[in-house]
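Visitor: Could you take me on a close look at one part of this model, the helix packing? I would like to hear which residues make the contacts, and how far I can trust the picture.

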Amino acid sequence: MNWLQYLLEANLYLGIFYLVYCLFLNKETYYLFNRAYLLFTCIISFILPLVQLGFLRHDQSAAHTVTYFIAARGANSDDKAAQIAFLQYFTLQNCILGAYLLGATIFTLLLIVKLGRLLTLTRNRSAIIDNQYKLVHINDSNSAFSFFNYLFIGTKAMDTEIIIRHELVHIRQKHSVDIILLELIRIINWFNPLIYLLQNSLKTVHEYIADEQTASYKTDPITYSTFLVNNAYGIGGPSITHSFFNYNLLKKRIIMLNQKRSGSLARLKYLLTVPVCAGLLCISTLGVSKNYGWVVLSPKNSPTSVEAPKVKTLKLTDGNTVAYGDKITKNGKVYTVNSLTDADKAYLLKTYKIKLEVVEIKGKPGQATMFFPSAGAKDTNSNSTSTYTSKGYKFKEEGYLINGKSNFRVLITEKNGEEKAYFKNSATPSEIKKLHDKYGYTFPNMPIYPKLPPPPPMAPAAKPVKPTPPLKADVTIDEPVSPSKRKSPLPPAGRPAKPTPPKADITIDEPVSPVQVKSPPPPMAPYMPLANVFAPLDKYIAKYTRFPAVALENKVTGSVIAAFELNADHKITNVKLISGIGNRCDEEAIRVLNNFTDPIEAKPGTYKLAITFTINNVKAPKPASETLSNDPSFIGEVVISAYLK
């Protein structure tokens, strides 16, 4: 309910400004300054919640923290999401919204009725006086009031010259504009009792201004005060007008008429507006957690948002296979970034149809990558490609590896620009059918490797390849040797010698056994994201969770399991730790859950979730989904991943 939070924050600031007025400015005789202060604070109170100081804001993007979401499904996640998403219409949020709109509608209708009555009065005979105002006579009445350039006066009113002079001050200074502005603010903030006090204070200031200027014209304050007392029981006008006869303000008007004028130093009190605005701006930035801060003043240049450094490396292209490495050894000749020449490129391309070039990639030296672009895709040095399906939908494919498990994602762009993600390992039959029938797309049958695949088995007599130093990616290709120069054991008598096929050995980071090729370990189950109804909580945890420094230093990973209750107001309460991993990770998870104050459109009850902390180059923890996916109260897990420098 961001709209309600915004209204409450704006009314809080309005109350603080009005408190300053009552304590320091209410008794001062600088009435024009008081009017300007009240109008300014009415407007600035609704602007400050939308403004934040960038240099005071918490940096939402940590240097080493990366959060990602995997659109995988648990065994019963669809059923649980459907159960959780089922809500009754009469929720607390809907009731509050209905009550607010009802009140705003009532006050809007009241304003329309008041304006309609004034319009009816203006239909009487009126005369234009000096092209400044329209005088409207009210038969058999002693009331007197004004609204914009209309001056209404009863035929039974006495001393009309003084009354007209008083009301002309209201007309010339456009006091009716102030009244309409306060009426509109009252419609928005009808639930705030301070708005009625503020409206009364502004009307009082208007009367002070008119009394001061009227008393200074051919009369004195005492004579004018006597006139007010003698006419105290005249009939007042509508509430949206400036009525000359206002019994409730009579005492205050007479006191202020005869009060000693404020000194020049009293003007300095109005400078309090500056520190009050600055303080409320700090509260808006630091004290209120919100997502409707549209204007950021003095944005902070975050030193942590530094892109990964680019390094030069060798790029080898052989058909649809693309590999990167620090050096390539071919038949004893080593090609590096600094030693590769145009002649070498031409020789490799002509002889072996291998394209070798020097490129820049984001990463660190020694990191090698291999991927297989789909048919028709452009050859780039990233792991994703974009093209169009047979039915004209733009799509982008990505192959990646998480926790030893390969997966394949496709992003389909709808005609309206919306992107939808589908994952090969977790796509349901209905989704696969939808991809084929609606979008004209089919997942490619292709593997994704964390490193280059192992070479074919070598002869038993061959020596094992020596391990290369760490952080170096070596690609070795043995040039085929002519049969006359190849050394091989003599064949038995009577049998012709069989030529030995050429060998292609590719080694990256780790030695490969010459005889045995080990199959990769079975992948872990994918991390199960939070159900759709908990998407706001999912995003909040991902945005505000910070990887504890002590856990990063000690390279601690694992899942923090927490439980919480969703009360009748659909808000999180009673957060409890079920199991943790220590090193400040447990406290951080509990802190983030306690700080989430937005309502969740789910059925009240008890729920469990996991916040999993991972670090690159550290063995990934076992997903909590493997053990909790069958728990009906488990809603999923959020992965917080940190990268060591």
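Guide: Happy to; here is a walk through the helix pairs, with some words on confidence first.

Please keep in mind that this is a predicted model. The average pLDDT of the chain is 76, and 70% of the residues score at least 70. Two stretches call for care: residues 364–386 have a pLDDT below 50, although this stretch has 60 contacts in the model beyond near neighbours in sequence. Residues 470–494 are also below 50, with 50 such contacts beyond near neighbours in sequence. Where pLDDT is low, the predicted coordinates should not be read in detail.

As for the setting, the chain holds 16 helices and 23 strands. It has 645 residues, of which 42% count as buried. Taking contacts between residues at least 6 apart in sequence, 71% join residues at least 24 apart.

Now to the helices themselves. Let us begin with α1 (residues 2–25) and α7 (residues 194–215), whose axes lie 11 Å apart and make an angle of about 40°. That angle makes α1 oblique to α7. Their crossing is left-handed. On the α1 side, the contact is made by L14, G15, Y18 and Y21, and these meet L194, I195, L197, L198, S201 and V205 of α7. Sorted by class, this contact has eight nonpolar and two polar residues, with no charged ones.

The pair α8 (residues 221–230) and α9 (residues 250–257) offers another arrangement to look at. Their axes come within 10 Å and cross at roughly 175°, so α8 and α9 are roughly antiparallel to each other. From α8 come P221, Y224, S225, L228 and V229, while α9 supplies L250, R253, I254 and L257. Seven residues of this contact are nonpolar, one is polar and one is charged.

A useful reminder when you trace such contacts by eye: an α-helix has 3.6 residues a turn, so residues three or four places apart point the same way.

Last, have a look at α15 (residues 585–595), where C585, D586, E588, A589, I590, V592 and L593 are buried. What do these buried residues pack against? Their partners include two helices, α13 (535–544) and α14 (549–554). Strands β20 (558–566), β21 (572–579) and β22 (605–615) also pack against the buried residues of α15.

Methods
Residues numbered from 1 in each chain as written. Predicted model: local features only at pLDDT ≥ 70, side-chain atom pairs only at ≥ 80, totals over all residues. Heavy atoms only, no water. Axes fitted to C-alpha atoms, helices over the stretch in contact; angles between N-to-C directions. Helix = DSSP H or I, 4+ residues; strand = E, 2+ residues; numbered from the N terminus. Parallel < 35°, antiparallel > 145°, perpendicular 65-115°, else oblique. Left-handed = near helix turned anticlockwise from the far one by under 90°. Contact = heavy atoms within 4.5 Å. Nonpolar A, V, L, I, M, F, W, Y, C, P; charged D, E, K, R; others polar. pLDDT = per-residue confidence, 0-100. Buried < 20%, exposed > 50% of the residue type's maximum accessible area, 1.4 Å probe, protein only.
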